[in-house]
Amino acid sequence: MIERQLDIATKDGKSSTFIVHPDRGGPRPVILFLMDAPAIREELRDMARRFASSGYYVMLPNLYYRSGVMEIGPLSPDPEHPSRKKMFELMNTLGISMVMDDCDGMLAFA
C-alpha cells in the first residue's frame, strides 16, 4: 500500500488529504471518502486502508481546512464539553456547495 498526505487545491484553498492505494496496477477506481463531524482520525484512515486493500484509490479530504483544523482529537460524551462544542462549531461552517466544490477539486486531482 502507498499512503501519503497531500495538500490538494480546491476552490477555497488547499485541503490536506489522506490518500491510500495499492502499490501496483492501476488505474484504480476512486473513492472520495468524506469525513464525518468529528473530523479525520485514525479510525477513518483505517477504513480508507481497508477500501484500498480491495483495489481502490481512496481520498480522505479534511473538510475543515478552511478553519485551519486538521483533527479535533478525542471527543467527550458530554455535549457541553469544549471538544463537542468545537465539533459542532466546525460542522456548522460547512455547506453542501462547499463540500461539492471540494469534491470537484479532489476529482480534478485524481
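Does Ser83 count as buried or exposed, and at what relative accessibility? In this predicted model, Ser83 counts as buried because its relative accessibility is just 11%, and the cut-off for that label is under 20%. Ser83 is part of helix α2, which runs over residues 82-91. Setting aside residues up to four places away in sequence, what Ser83 touches is Ile72, Pro74, Leu75 and Ser76. Pro79 tells another story. Its place is the loop between β4 (57-61) and α2, and with a relative accessible area of 56% Pro79 is exposed. Once neighbours within four places in sequence are left aside, Pro79 is in contact with Arg84 and Lys85.

Next comes helix α1. At 1.5 Å a residue, its twelve residues should span 16 Å, and the end C-alpha atoms are indeed 16 Å apart, so the expected and modelled lengths agree. Leu44, Arg45, Ala48 and Ala52 are the buried residues here. Looking down the axis of α1, these buried residues fall within an arc of 100°, and therefore they line one face of the helix. The background is simple: an α-helix has 3.6 residues a turn, so residues three or four places apart point the same way. Arg50 and Ser53 are exposed on the other side of α1. As for what covers the buried residues of α1, β2 (13-21) and β4 are included. Just after the helix, Gly55 takes a positive phi of about 105°.

Helix α1 also supplies one half of an aromatic pair, and the structure holds one such pair. The ring centres of Phe33 and Phe51 are 5.6 Å apart and the planes sit at 80°, so the pair is edge-to-face; the cut-off for that class is over 60 degrees. Distant parts of the chain are linked this way: Phe51 belongs to helix α1, Phe33 belongs to the loop between β3 (30-32) and α1 (42-53), and the two are 18 residues apart. As for accessibility, Phe33 counts as buried at 14%, while Phe51 counts as partly exposed at 34%.

The loop that holds Phe33 has a backbone quirk as well. Ala39 lies in the loop between β3 and α1, and its phi is near 80°, a positive value in a residue other than glycine. With a relative accessibility of 0%, Ala39 counts as buried. Another backbone feature turns up in the loop between β2 and β3, where Pro27 has its place: the peptide bond from Gly26 to Pro27 is cis, with omega near 0°.

That leaves helix α3, residues 96-109. Its 14 residues should span 20 Å at 1.5 Å a residue, and the end C-alpha atoms are 20 Å apart, which agrees. Buried in α3 are Val99, Asp102, Cys103, Gly105 and Met106. These residues cover an arc of only 160° around the axis, which puts them on the same side of α3. What do the buried residues of α3 pack against? The partners are β1 (2-10), β2, β3 and β4. Turned away from that buried side, the opposite face of α3 carries the exposed residues Ile96, Ser97 and Ala108.

Terms used:
Residues are numbered from 1 along each chain as its sequence is written. This is a predicted model: local features need pLDDT of at least 70, side-chain atom pairs count only at pLDDT 80 or more; totals for chains, interfaces and linings use all residues. Side-chain values use heavy atoms; hydrogens and water are left out. Helices (H or I, at least four residues) and strands (E, at least two) are DSSP runs, numbered from the N terminus. Buried means under 20% relative accessible area, exposed over 50%, partly exposed in between (1.4 Å probe, protein chains only). Contact means heavy atoms within 4.5 Å. Rings of Phe, Tyr and Trp (its six-membered ring) pair if their centres lie within 6.5 Å; planes under 30 degrees apart count as stacked, over 60 as edge-to-face and the rest as tilted. The expected span of a helix is 1.5 Å times one less than its number of residues. The arc is that of the directions from the helix axis to the C-beta atoms.
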